[in-house]
Amino acid sequence: MKSLDIHKSEYLKQFETQTYGRNLFRTQEEERLDAPNEECGIFGMYSDNDLDTFSLSQFGLFALQHRGQEACGISVLKDGKITNMKDEGLVLDVYKEIQDPETFMGNSAIGHTRYTTAGDKKKYNFQPFFAKNEYDQIILSIAHNGNLTNARELKTELEAEGVVFRATSDSEVILRLIQKNLDLGLRGAIKATMEKIEGAYSVVGMTRNKFFAFRDFNGIRPLVLGATSENSYVVASESVALDAVGAQYVRDILPGEIVYTNENEPGKLNSYMADEARGKQRICSFEYIYFARPDSSLENINVYEIREKSGEKIWEQAPVEADLVIGVPDSGVPAAIGFSKASGIPFRPVLIKNRYIGRSFIVPTQEMRERVVNLKLNPIISEIKGKRVVIIDDSIVRGTTSKRLVKILKEAGVKEIHFRSVSPPIIAPCYLGIDTPSKDDLISANMSTEQLRDYLGVDSLEFLSTDNLKEILGSSNHCFGCFTEEYPVAKGEEIELFS
């Protein structure tokens, strides 16, 4: 039997060349309906010298592809001119459409990956967003990850002042507020914007002579800072994007911090706290459980280690006799390895991943959509037939995927199924940058654990407790809103941004 260290090494190495797939049992439709979806990934870089921003931004965004697969876009600064390109599709597909890569080589670039949504998929909502002057020149461009809770109110206020909105996204509210206040200077404009907006936001951006990034006062959405040399900087949603472009991790952007360059001091990155009294750390705990790539580090905490510890902890919390442990690829595997390490029950990667399949096929019937899953993952029946199996999954949202997974294992002849979720029960929607189903559709908000066990048809079911999650993370300084209904900021009105 392979050692667990070898399993870990093989698991992590695959993401250097392949896109990280969180839960491969979900069909494309279920990625929207039976899973929380991250809003996006953002990436930015700056140097006082010209760079191959075309290639480097492509590498950085590819590393963040798991955070959004609907669309991709970049803005590049070259000789004081900002050029923008955005389109529907995956990162590599969008970059293939760029006919002249030289046009996108300069000294600064920002980029964005947008997640698959049931909402408005029009191109005007793709990022980066940009503002133009009266000569039709782009003077400001931003990419945003998160969600504003007072966007509708601010949009109404700006429209009353004559501001025209071209998209149906809260990100444009940030853009227009910065644009409106540019007479205060870039730092002053960002500070004035941060004083108005509420919710979760990590932002990268550029003007025709400056680069900047900033993060909300609770630091809910991640944002890391790296450097490729003394005068070249990279900012991204996750540290894996730094690795992809050869940048060294420096630190995380602090809650409430603005980092920016100044045309009078090329190559120097300045830092300014918009309001030190308001800054506190409340990063989303679900980043560690599900969203982030396992080889990322956020707030100096390694994501893989957290997931492995969650498997160890749920064994301590809910031990069970079994013959083998299975993790649902890709996100459930580290926890399964941790469960095996703590329990001594062998880990087996018996759900075999088809490395050549991309996004789900477009098929018209539910029966055929479910068959697509078997093209993605196929169980080795000889390994599990007649066995008592512990299945480790990242979370249970609507329960649709989990129920089908149980059915597949039973059809393969599994004797007993013990289901372990390494997130606490998800009982509330997120209002701070994650697209989750409504409370009516969250199965743990409407069923007890015993009822859910019967619904899934498993022999036992356990969720990692919120207290144990806090212990693994090492503090309570995170957002646990989807598990507790207690959020670091007011959730705002439960209405659409634009009617």
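I began with the pairing of strand E8 (residues 199-207) and strand E9 (residues 211-215), which run antiparallel and are joined by 5 bridges; two strands count as paired if DSSP finds at least two bridges between them. Helices (H or I, at least four residues) and strands (E, at least two) are DSSP runs, numbered from the N terminus.

Before going on I noted that this is a predicted model, in which local features need pLDDT of at least 70 and side-chain atom pairs count only at pLDDT 80 or more, while totals for chains, interfaces and linings use all residues. Residues are numbered from 1 along each chain as its sequence is written, and side-chain values use heavy atoms, with hydrogens and water left out.

**Strand E9 and its sheet**

I looked up the link between E8 and E9 and found a hairpin with 3 residues between the two strands. The bridge partner of Gly-205 in E9 is Phe-212. E9 also pairs with strand E13 (residues 257-261), in the antiparallel sense over 3 bridges, and there the bridge partner of Phe-214 is Ile-258.

I then asked how many residues of E9 are buried. The count is 5 of the 5, so E9 is largely enclosed by the rest of the structure; buried means under 20% relative accessible area, exposed over 50%, and partly exposed in between (1.4 Å probe, protein chains only). Phe-211, Ala-213 and Arg-215 point one way from E9, whereas Phe-212 and Phe-214 point the other way.

For the wider setting, I traced an open sheet of 6 strands in the order E6-E7-E8-E9-E13-E14, with antiparallel pairing. Its edge strands, each pairing on one side only, are E6 (129-132) and E14 (269-273).

**Helix H11**

I turned next to helix H11 (residues 333-343), where 9 of the 11 residues are buried, so the helix is largely enclosed by the rest of the structure. Among the buried residues I listed Val-333, Ile-337, Phe-339 and Ser-343. What covers them includes helices H1 (4-13) and H10 (303-317) and strands E18 (324-327), E21 (388-393) and E22 (416-421), contact meaning heavy atoms within 4.5 Å. After H11 comes Gly-344, whose phi is positive, near 85°.

**Helices H10 and H17**

Last, I checked which residues of H10 meet helix H17. Ile-306, Lys-309, Ser-310, Lys-313 and Gln-317 in H10 meet Asn-468, Glu-471, Ile-472 and Leu-473 in H17.
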